[in-house]
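Please read the following report alongside the sequence and the structure. It takes up charged pairs, the nonpolar interior, the surface and the confidence of the model in turn.

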Amino acid sequence: EAVAVLNRDLGPVVAIDLLGTGGALDTLRDKYKGHSYVRFLGYCDNILPIVQQAHIGLLPSYYSAESLPNAVIEYLTCGKPVIATDVGAIREMMTHNAEVAGIVLPLGNGKSVSSDQIKNALLEYLRDTDKVARDSAIALRASRKFQMDTCVEHYLKLYNSLREVPLSIDRRQ
């Protein structure tokens, strides 16, 4: 809806690629049939080439148990700013040294994000063309925390710190 409004009001300025399958996408496909700015790419084994061609990643999830979505890691790794909702650890994923690699949208009533919120976030990038470059640089820095050597280092530190903690067993249980 946000992309449709922007293209209606400003001309053909934004396109969106939707990946995956399911009932929700089937409904959208029916609704936006014939609109060239919405592309339905279906299931994809390797989304990285698609993400690399994009300017911005979008994950308006309202799933309350969203913890560490792979999509956000993939966007950051490809140096893409992210427009996402403030659920789970998404804000922390997108943050590096207090800088955020995109726009984190609050959920209204804790349940959803409006198309107006997404439209306004997209407008920020359309109005400030330097914002994509700035947030892309932050995205690459934020992505470092997901590199395997960084993850292994943190797990080893945690493991070693736990080894030093004496364990006690409550035999009454």
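## Salt bridges

Because Asp-116 and Lys-119 stand three residues apart in helix α6, about one helical turn separates them. These two residues form a salt bridge in this predicted model, with their closest N and O atoms 4.0 Å apart. Asp-116 is partly exposed, at 46% relative accessibility, whereas Lys-119, at 18%, counts as buried.

A search of the whole structure finds ten salt bridges, and three of them, including the pair just described, are set out below.

| Basic residue | Acidic residue | N to O distance |
|---|---|---|
| Arg-39 | Asp-17 | 2.5 Å |
| Lys-119 | Asp-116 | 4.0 Å |
| Arg-134 | Asp-128 | 2.7 Å |

The bridge between Arg-39 and Asp-17 joins strand β2 (residues 38-42) to strand β1 (residues 16-19), so that it ties together parts that are 22 residues apart in sequence. Arg-39 is partly exposed, with a relative accessible area of 39%, and Asp-17 is likewise partly exposed, at 30%. In the pair formed by Arg-134 and Asp-128, Arg-134 has a relative accessible area of 43% and is partly exposed, while Asp-128 is partly exposed at 28%.

## Nonpolar core and surface patch

In soluble globular proteins, nonpolar side chains tend to be buried together. Here the largest nonpolar core holds 38 residues, of which Val-72, Leu-76, Val-82, Ile-83, Ile-90, Met-94 and Leu-105 touch the most other members. At least two residues of this core come from each of α1, α4 (70-77), β4 (82-85), α5 (90-94), β7 (102-105), α6 (115-127) and α7 (129-143), and the largest share, five residues, is supplied by α6. Once neighbours within four places in sequence are left aside, Val-72 is in contact with Leu-59, Val-82, Ile-90, Met-93 and Met-94.

On the surface, Leu-10, Val-13 and Leu-126 make a nonpolar patch of about 230 Å². Leu-10 belongs to helix α1 (residues 2-10) and is partly exposed, with a relative accessible area of 48%.

## Backbone and confidence

Asn-97 lies in the loop between β5 (95-96) and β6, and Ala-98 is found in the loop between β5 and β6. Although Asn-97 is not a glycine, it has a positive phi of about 45°; Ala-98, also not a glycine, has a positive phi of about 70°. Asn-97 is exposed at 64% relative accessible area, and Ala-98 is exposed at 73%.

The protein chain averages a pLDDT of 90, and 94% of the residues score at least 70. Confidence is lowest in helix α8 (residues 148-163), with a mean of 79, and highest in strand β6 (residues 99-100), at 98.

Notes: Residues numbered from 1 in each chain as written. Predicted model: local features only at pLDDT ≥ 70, side-chain atom pairs only at ≥ 80, totals over all residues. Heavy atoms only, no water. Patch = residues over 30% accessible without salt bridge, like charges linked within 9 Å, V, L, I, M, F, W, Y side chains within 5 Å. Areas by Shrake-Rupley, 256 points an atom, 1.4 Å probe, with all protein chains shown as cover. Salt bridge = Lys/Arg side-chain N within 4 Å of Asp/Glu carboxyl O. Helix = DSSP H or I, 4+ residues; strand = E, 2+ residues; numbered from the N terminus. Buried < 20%, exposed > 50% of the residue type's maximum accessible area, 1.4 Å probe, protein only. Core = buried A, V, L, I, M, F, W, Y, C linked by side-chain atoms within 4.5 Å. Contact = heavy atoms within 4.5 Å. pLDDT = per-residue confidence, 0-100.
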